[in-house]
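The following exercises concern one molecular structure. Each consists of a task followed by a solution in steps.

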Amino acid sequence: MSVTTRAACVIGWPIKHSRSPLIHNHWIERYGLEAVYRLEAVEPENLAAFVSHLAERGYAGANVTIPHKEKVLALSEPDDRAQAVGAANTLWYDRGRLYSTNTDVEGFTANLDAAVPGWELRAGEAVVLGAGGSARAVVYGLIERDIRKICVVNRTPERSEALRARFGPAVEPVNWAALPHVLARAGLLVNCTSLGMTGQPSLEIDLGPLPTHAVVADLVYAPLETGLLAAARARGLATADGLGMLLHQAVRGFQLWFGLRPEVTAELRAIVEADLAP
Ligand code: NAP
C-alpha cells in the first residue's frame, strides 16, 4: 500500500458475512482509484479504542455494523439522521473531526426512487412491519419524504410505541390483528422484520386488501426474491427489494471517503446477487 492509498473498512463482530467489501472494492476497481476497503473484526470491548484511532490506522472512515451501530454514536459526532435513528453505520473525518451518519435512511428512499419513481405520490399512508433498527431508519426516511401517516405493526407493542415516542404523531402503532384494515388504506408496505429471511420463519400476510396502486418493499435480501415480493409481483404490485437498498446505502460512505459518487449499476447488482446465491 503506497502512502497515497486511501483506505476504509467495515467494523463489526462477527464480520465475515459482510458484503460491503464486495461493493466498495468493485467501485474502487471500476473507477480506477488507489484505495482499499477491508473487513475489521472488532470485539465490543475494543470498539472505543479502535474508533478513536481510526485515522492512525490509516482509515479515512468506516462502515459500522452489528453490534456497534448504537455505541458508535458516543464515539463520533452524529448528524441529524444518526441522532434521529439512534444508530450510525458510516463514519468519516472532516478537518480532523470524526462524524457519523445513518445511510440506511437514504438507502431505503433512493432504492424506492430508482425502483418505483414517484412512489411517494402513491404512498399516502404507509405500513411498516417491524420496529427494530431498520424500521427506525425507514420511518425516519418516510418522514423526511413527507409521508404523514405511518402505521407501525410489530410483534412487541412496546417497540412500536417507542417509535411513536421517538418520531411523533406521524407514527401510529397498530396491532397485527388490525393489519387488513390498515393495508386497505396503504400506498406503501415495507417489511422491516427479519421474517422471510433464510433460516427465519416466513412472513405470513395476505396482500389482498392492498390497493392496486400500492408499492411493496422488503428489506430482507437473502433470499433476494422473498415470499412477500413474490406475492406482491403475482398481484401486479410495484416492488423494491432489499438488495437495492443495500447497494444504495453504500453510495454515501464511498463518496465521503474517496471523493467520488459511485453509481449503482446492473453490473454491481449482478456481482452481489451471485455472491448471495445459495
Ligand atoms: P432488529 O432490530 O433485530 O429487528 C427485528 C424485527 O423483526 C423486530 O421488529 C422484531 O419484532 C421482528 N421479528 C423478528 N422475529 C419475529 C417473529 N418471529 N415474529 C414477528 N416479528 C419478528 O433487526 P433489523 O436490523 O431491523 O433488521 C431487520 C431485517 O432487515 C433483517 O432481515 C436485516 O437483514 C434487514 N436489513 C436490510 C437492510 C438492507 O440494506 N437491505 C438494512 C438493514 C436491515 P420484536 O420487536 O417483536 O422482536
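**Exercise 1. Identify the polar contacts of the ligand and the residues around it.**

Step 1. A nitrogen atom of the ligand lies 3.0 Å from a backbone N or O atom of Leu 219; a polar contact is a pair of N or O atoms within 3.5 Å. The model is predicted: local features need pLDDT of at least 70, side-chain atom pairs count only at pLDDT 80 or more, and totals for chains, interfaces and linings use all residues. Residues are numbered from 1 along each chain as its sequence is written, and side-chain values use heavy atoms, with hydrogens and water left out.

Step 2. A polar backbone atom of Gly 242 is 2.9 Å from a nitrogen atom of the ligand.

Step 3. For the side chain of Asn 154, an N or O atom is found 2.7 Å from an oxygen atom of the ligand.

Step 4. There are 21 residues around the ligand, where a residue counts as near if one of its heavy atoms lies within 4 Å. Those that come nearest are Ser 134, Asn 154, Arg 155, Thr 156 and Arg 159.

**Exercise 2. Describe the sheet that contains β12 and the helices packed on it.**

Step 1. The strand order is β9-β8-β7-β10-β11-β12, in an open sheet of 6 strands with parallel pairing. Strands (E, at least two residues) and helices (H or I, at least four) are DSSP runs, numbered from the N terminus, and two strands pair if DSSP finds at least two bridges between them.

Step 2. β9 (171–174) and β12 (238–240) are the edge strands, each pairing on one side only. On average, neighbouring strands of this sheet are turned by 20° against each other, direction ignored.

Step 3. Strand β11 (residues 215–218) pairs with β12 in the parallel sense over 3 bridges. Ala 217 has Ala 240 in β12 as its bridge partner.

Step 4. Helix α7 (residues 157–167) packs on the sheet, touching β8 (149–153) and β9, and its direction makes about 170° with that of β9. Contact means heavy atoms within 4.5 Å; axes are lines fitted to C-alpha atoms, for helices over the stretch in contact, and angles run from 0 to 180 degrees between N-to-C directions.

Step 5. Helix α9 (residues 227–234) lies across β10 (186–191), β11 and β12, and runs at about 165° to β11.

**Exercise 3. Describe the sheet that contains β1, and the packing of α1.**

Step 1. This open sheet of 6 strands has the order β2-β1-β3-β5-β6-β4 and mixed pairing. Its edge strands, β2 (35–41) and β4 (77–78), each pair on one side only.

Step 2. Helix α1 (residues 20–30) packs on the sheet and touches β1, β2 and β3; its direction makes about 170° with that of β2.

Step 3. β1 (residues 6–12) and β3 (residues 59–64) pair in the parallel sense over 5 bridges, with Ala 7 opposite Tyr 59 in β3.

Step 4. Helix α10 (residues 242–258) lies across β1, β2, β3, β5 (90–94) and β6 (97–101), at about 25° to β5.

Step 5. The axes of α1 and helix α11 (residues 266–276) come within 10 Å and cross at roughly 145°. In their contact, Leu 22, Ile 23, His 26, Trp 27 and Arg 30 of α1 meet Glu 267, Leu 268, Ile 271, Val 272 and Asp 275 of α11.

**Exercise 4. Locate the backbone exceptions.**

Step 1. Most residues other than glycine have a negative phi, and most peptide bonds are trans.

Step 2. Ile 66 and Pro 67 are joined by a cis peptide bond with omega about 5°; Pro 67 is placed in the loop between β3 and β4.

Step 3. Another cis peptide bond joins Ala 222 and Pro 223, with omega about 10°. Pro 223 lies in the loop between β11 and α9.

Step 4. Arg 95, in the loop between β5 and β6, has a positive phi near 45°.

Key
Polar contact = N/O pair within 3.5 Å; in protein donor to acceptor, adjacent residues only side chain to side chain.
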